[in-house]
Amino acid sequence: MKFSTSAAAACAAILPGVSATIYYAGVAQSSGEFGAWSPTAQVGTGLPGRFGVDYAFISNSGVDIMTDKHKVNLHRVAFLLERMCPLSYGLGARFNETHFNYFKESIDYITKTKGAYAILDPHNYMRYNNPSSQPFSGSVIGNASDPTAATTAQFGAFWGELAKRFADNEKVIFGLMNEPHDMPSQLLLDNLQAAVTAIRATGAKNLIITPGNAWSGGHYWTKGGSEANSNWIHKLVDPASNLAVDIHEYLDEDFSGGHLACTQEPAKNLAGVTAWLKEHKLKAFITEFGGSNTTECVTMLNGMLDYMSQNEEYIGWTAWAAGPFWGPNSPCCTDQKQYGSLEPGSKAADGGPGLYDTIWVPVISKKVPAKLQWEGLASVNGGVLSQRV
Ligand SMILES: *[C@@H]1O[C@H](CO)[C@@H](O)[C@H](O)[C@H]1NC(C)=O
Ligand SMILES: *[C@@H]1O[C@H](CO)[C@@H](O)[C@H](O)[C@H]1NC(C)=O
Ligand SMILES: *[C@@H]1O[C@H](CO)[C@@H](O)[C@H](O)[C@H]1NC(C)=O
């Protein structure tokens, strides 16, 4: 998501695949990245932050409702690199163990207590050292012209350490980075490759999902000339062959997820990236999409979910966003709409039904497949499907 509220708070030419299957479906859990934004871009704002006050990862009761009642098997959990790796340590293998333990507790709750899958989501836009004005602040990781930037090797070391700690949990999925943008695609590829190589060096077989440049935008995947994701992302090499692509796709005018009105036709806008996935025999997750409760948004959200279920390139999704810190704020529309979030129990500012009631329950939750994968390694090839009991 390009704009969290705390941050100011981001005709299919392809015939539907015959064996199209969604194996993983659920929600993004947003709140690990909360509380670090400063209107004056004051470096260090909200760091390390107070767990449970400035930020959290999940609400257990919200995860219970999503998993038990709505039968979702996937939660994408956002966190900030600057909290996991404090600025005084630098990005790398040294973690703030207190912070890591809070995070691990949430991941264990989702994966071990509830039996669902969890995507680890460093919500950092491929930047490190100043989240105070995300998504634009902070040094681009690996920028050799910026002496304050963390290096590509440091990013690899960070992922190697995180992977080592979750390698024994086959329900954990490694989301390499949220929405890289405004950086050379070669540098992005180098950073992603350093992470994949470091992850596999630990022996971890976990599913990895890779973002693209330009905010991971599906509609833009084949655009941007020589810098287009379609020229780069398939070059990433995974020795364990368990790598999928992580796409974001919003439905508003500028694809930011910042506006109330949905005007962007999902099937039309995803056709290019779907063809690219097919060409390279790649699978994908759409880990961010969303919309408000207008009639157009309802139609387009249904269109998006149907598109994914009909095209075999798509194996998973998480809708933006649940999470305990949204309050009446809307993750769909930062144009000052206070319609609540996908968090169970969230309300609009006027006390009326929130987006959990108006969008999650009647629209998105209806498209959670009856059978999903509930056991075994998260895999680019999916796994055994079963109904949650
Ligand atoms: C590590 O996290 C804890 C809990 O948030 C915090 O109290 C402590 O200051 C952090 N340490 C550093 C070096 O940021
Ligand atoms: C890299 O750092 C230089 C020097 O600060 C800056 O001019 C340039 O914009 C940075 N590149 C990126 C991609 O941020
Ligand atoms: C969307 O939700 C808000 C808040 O509950 C409500 O005021 C508005 O009427 C709803 N819009 C539609 C089209 O249902």
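**Exercise 1.** How many residues of the shell around ligand 2 are nonpolar, how many polar and how many charged?

*Solution.* The structure is a predicted model, in which local features need pLDDT of at least 70, side-chain atom pairs count only at pLDDT 80 or more, and totals for chains, interfaces and linings use all residues. Residues are numbered from 1 along each chain as its sequence is written, while chains are lettered from A and ligands numbered from 1 in the order in which they are written.

Step 1. List the shell: V140, N143, S145, D146 and M183 surround ligand 2. A residue is near a molecule if its C-beta atom, placed from the backbone, lies within 6 Å of it.

Step 2. Apply the classes: Ala, Val, Leu, Ile, Met, Phe, Trp, Tyr, Cys and Pro count as nonpolar, Asp, Glu, Lys and Arg as charged, and the others, Gly among them, as polar.

Step 3. The result is two nonpolar, two polar and one charged residue.

**Exercise 2.** Determine the classes of the residues around ligand 1.

*Solution.* Step 1. The surrounding residues are P48, F51, P86, S88, N96, T98 and H99.

Step 2. Three of the shell residues are nonpolar, four are polar and none is charged.

**Exercise 3.** Check the span of helix α7 and locate its buried face.

*Solution.* Step 1. Helix α7 covers residues 295-310; helices are DSSP runs (H or I, at least four residues) and strands likewise (E, at least two), numbered from the N terminus.

Step 2. The expected span is 1.5 Å times one less than the number of residues. For the 16 residues of α7 this gives 22 Å, and the end C-alpha atoms are 22 Å apart, so the two values agree.

Step 3. The buried residues are C297, M300, L301, M304, L305, Y307 and M308. A residue is buried if 20 or more other C-beta atoms lie within 10 Å of its own, exposed if 12 or fewer, and partly exposed in between, with C-beta atoms placed from the backbone.

Step 4. Viewed down the axis of α7, these residues fall within an arc of 155° (taken from the directions from the helix axis to the C-beta atoms), so they line one face of the helix.

**Exercise 4.** Is E253 buried or exposed?

*Solution.* Step 1. E253 lies in the loop between β8 (243-248) and α6.

Step 2. E253 has 12 C-beta neighbours inside 10 Å and therefore counts as exposed.

Step 3. Leaving aside residues up to four places away in sequence, E253 touches H259 and T263 (contact: C-beta atoms, placed from the backbone, within 7 Å).

Definitions and conventions
Contact = placed C-beta atoms within 7 Å.
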